Amino acid sequence: MTDQPAPGLQELRAARRKGLGLLVWAFVFSVFVNLLMLTGPLYMLQVYDRVLTSRSVETLVALSILVTMLYALMGVLDYARGRVMARVGARFQTALDGRLFSATLRRSMNPHERAACTAVLRDLDALQNIFVSPVLMAIMDMPWTPIFIAAIFIFHPVLGWVSVVGGAIIIVLALLNQIVTTNRVRTAQIATQRAHAFAEQAHEASEVALSQGMRDSLQRRYKRLRNLALQQNVTANDWTGLFTSATKAFRLFLQSAILGLGAYLVLQGDMTAGSMIAGSILLGRALAPIEQAMGNWPVVQRARAGWRTLERFLAVVPHEPERTDLPRPEARLAVKGLTIVPPGTKKPTVRNVTFTLEPGQALGVIGKSGSGKSTLARALAGYWPIAAGEARLGGATLDQYGPTLGLHIGYLPQTVSLFAGTVAENIRRMSLEPDSQAVVAAAKKANAHEMIMQLENGYDTFLEGNENQLSGGQKQRIALARAIHGDPTLLILDEPNSMLDADGSQALNETVREFKAQDRAVIVMTHRPAAIAECDLLMVMDQGALVAFGPRDEVLSTVLASNPKSARRPQVVRPQKVSM
Ligand SMILES: Nc1ncnc2c1ncn2[C@@H]1O[C@H](COP(=O)(O)OP(=O)(O)OP(=O)(O)O)[C@@H](O)[C@H]1O
């Protein structure tokens, strides 16, 4: 825990350091690759000044064999450098993948942040991408630019100075490129992300989109977003392209200018023809990294923007504190003054709720739509944070269990989500360790076993996430089996029979009965009378407050049976253990 870097910038730097050893190797390869870049100019120099003057074929052959070998070596080293850089990127990505996934998962509980969470994962890709793009290698080659230009000075000082001025103009173009395009590229990226997010949302809601005649409207909205993104991308590309082309043309011109100037100096007898050709080639090599970096500048800008976003994102998601594993708790739930504020909002939707649930009891929670039942379920399942008050399971607060809370609580949310995987994998909560016995036992308790056996491949039927071949009731039964899997101490079921038929409902009640018999506890949030058949206690909620609590029949008769609308006045019946 103590050796963990601080969230945010320190984490990113620590991830970058993971590849430092390899980066040193890439740099060493770069040194040799750049030295070998001198092969071409030196060959020219020798051919023009030695071979052509001596007319020696043997020298030409010997030089050519040497050059072939040197180029082959350069190719090998350049390839090795590329391989090493790809691995540097892989190390960086691996160092952050797990932490980022867990951080985005935690932030996803706030619906306003979900799109940003997906975007952050893409930011990591953009950062990893820079290691495999040619731009980083071009940056590694840049320190050689002044060395190559210095070598041109050896041929002739005039050529050297022309190269310096030419190089300076190219650097000014590169800086201008950055100044002019940075904001434009960023705006274009944001617009593109918005269009992608909209498309994803539309795909998820394809059922309603296609059945409610929304296709054209959605398509028009998508096209509007795409056109906006396209316009901005085209503008950004135009500017980048302008600078890239200007640089390329100027570099080619400069090479020819050096050649022309060199020819003049040769005519004046100030230098040899070989130096003239070698100088021109050397200038090309000196300026190539700048040109290459400019051509790939959008990759750098994207990565820089990604780095900043990741830094900000990780800084606000602390590391999960390491917790001492607590033993399996007793099914005693003590809730005191519980107030819950949904993530991303400020107003509590459940206020000051107090109650106790003993082992062997089942509690039904009823109330009008929007009264706070699901909010309570989410907080008790450890999904939403508790704003005030506390909830203790077996004497420990929920957060003291850390991630192991899920082992002790089985939670069936109101909206069922299944993952891409087999039925068995879904029931065993996507664990990588198969445990067929526990899976089948959970499915049997959830009355899902027979239904699963009817599927094409039984427990090994592959489900495509939420959009799969199952009916609503079938999904609910599999999700119930997932909640029961691992024999949790407390079972929290939010509208568990909203999609079940009479048999399913009956089986659910049997499961609740079995849980109670094993001295565990169950909480059922529901609108349906059938779901509270096994409940000993009943809680009535209204506008986020507990308005009645006590033995089921007492609460039903005193609060609801008389006048459901009067349920606003608290009529709390003291909790007590109901004899069974
Ligand atoms: N993610 C959220 N962000 C902000 N407010 C929310 C969120 N989810 C629910 N609420 C608000 O919390 C209140 C209680 O909602 P909740 O879903 O807990 O009610 P419920 O009793 O379960 O309703 P239903 O019976 O319709 O499922 C509502 O006013 C709702 O608008």
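**Helical spans, domain contacts and ligand shell of the predicted model**

In the span of residues 249–267, the chain is 100% helix and 0% strand, and the end C-alpha atoms lie 27 Å apart. The structure described here is a predicted model. Residues 249–267 are one of the spans that the unreviewed UniProt entry annotates as "transmembrane region", the others being 20–39, 59–77, 130–155 and 161–180. Over residues 161–180 the chain is likewise 100% helix and 0% strand, with 28 Å between the end C-alpha atoms. A further annotation from the unreviewed UniProt entry, "domain: ABC transmembrane type-1", covers residues 24–302; over these residues the chain is 91% helix and 0% strand, and the end C-alpha atoms are separated by 24 Å.

The protein is divided into three parts, with domain 1 comprising residues 1–133, domain 2 residues 143–295 and domain 3 residues 333–572. The centres of domain 1 and domain 2, taken over C-alpha atoms, are 19 Å apart, and ten residues of domain 1 are in contact with twelve residues of domain 2. On the side of domain 1 that touches domain 2, α3 (39–54) and α5 (114–132) each contribute at least two residues, and the largest share, six residues, is supplied by α3. Classified by residue type, this side of domain 1 consists of seven nonpolar, two polar and one charged residues.

Helix packing was examined for α7 (residues 144–155) and α8 (residues 157–204), which pack at an angle of about 150° with their axes 6 Å apart. Since angles over 145 degrees count as roughly antiparallel, α7 and α8 are therefore roughly antiparallel to each other. The contact brings together T145, I149, I152, F153 and F155 of α7 with P157, L159, G160, S163, V164 and G167 of α8. Among the residues of this contact between α7 and α8, seven are nonpolar, four are polar and none is charged.

The surroundings of the ligand were also examined. A shell of 13 residues surrounds the ligand, and the closest of these are P342, T349, S369, S374 and T375. Helix α13 (residues 373–380) provides the largest share of the shell around the ligand, namely three residues. By class, the shell contains ten polar residues, together with two nonpolar residues and one charged residue.

Conventions
Residues are numbered from 1 along each chain as its sequence is written. This is a predicted model: local features need pLDDT of at least 70, side-chain atom pairs count only at pLDDT 80 or more; totals for chains, interfaces and linings use all residues. A residue is near a molecule or strand if its C-beta atom, placed from the backbone, lies within 6 Å of it. Helices (H or I, at least four residues) and strands (E, at least two) are DSSP runs, numbered from the N terminus. Ala, Val, Leu, Ile, Met, Phe, Trp, Tyr, Cys and Pro count as nonpolar, Asp, Glu, Lys and Arg as charged, and the others, Gly among them, as polar. Domain bounds come from an automatic or database domain assignment. Two residues are in contact if their C-beta atoms, placed from the backbone, lie within 7 Å. UniProt positions are given in the numbering used here, feature names are shortened, and annotations may be inferred rather than shown by experiment. Axes are lines fitted to C-alpha atoms, for helices over the stretch in contact, and angles run from 0 to 180 degrees between N-to-C directions. Angles under 35 degrees count as roughly parallel, over 145 as roughly antiparallel, 65 to 115 as roughly perpendicular and the rest as oblique.
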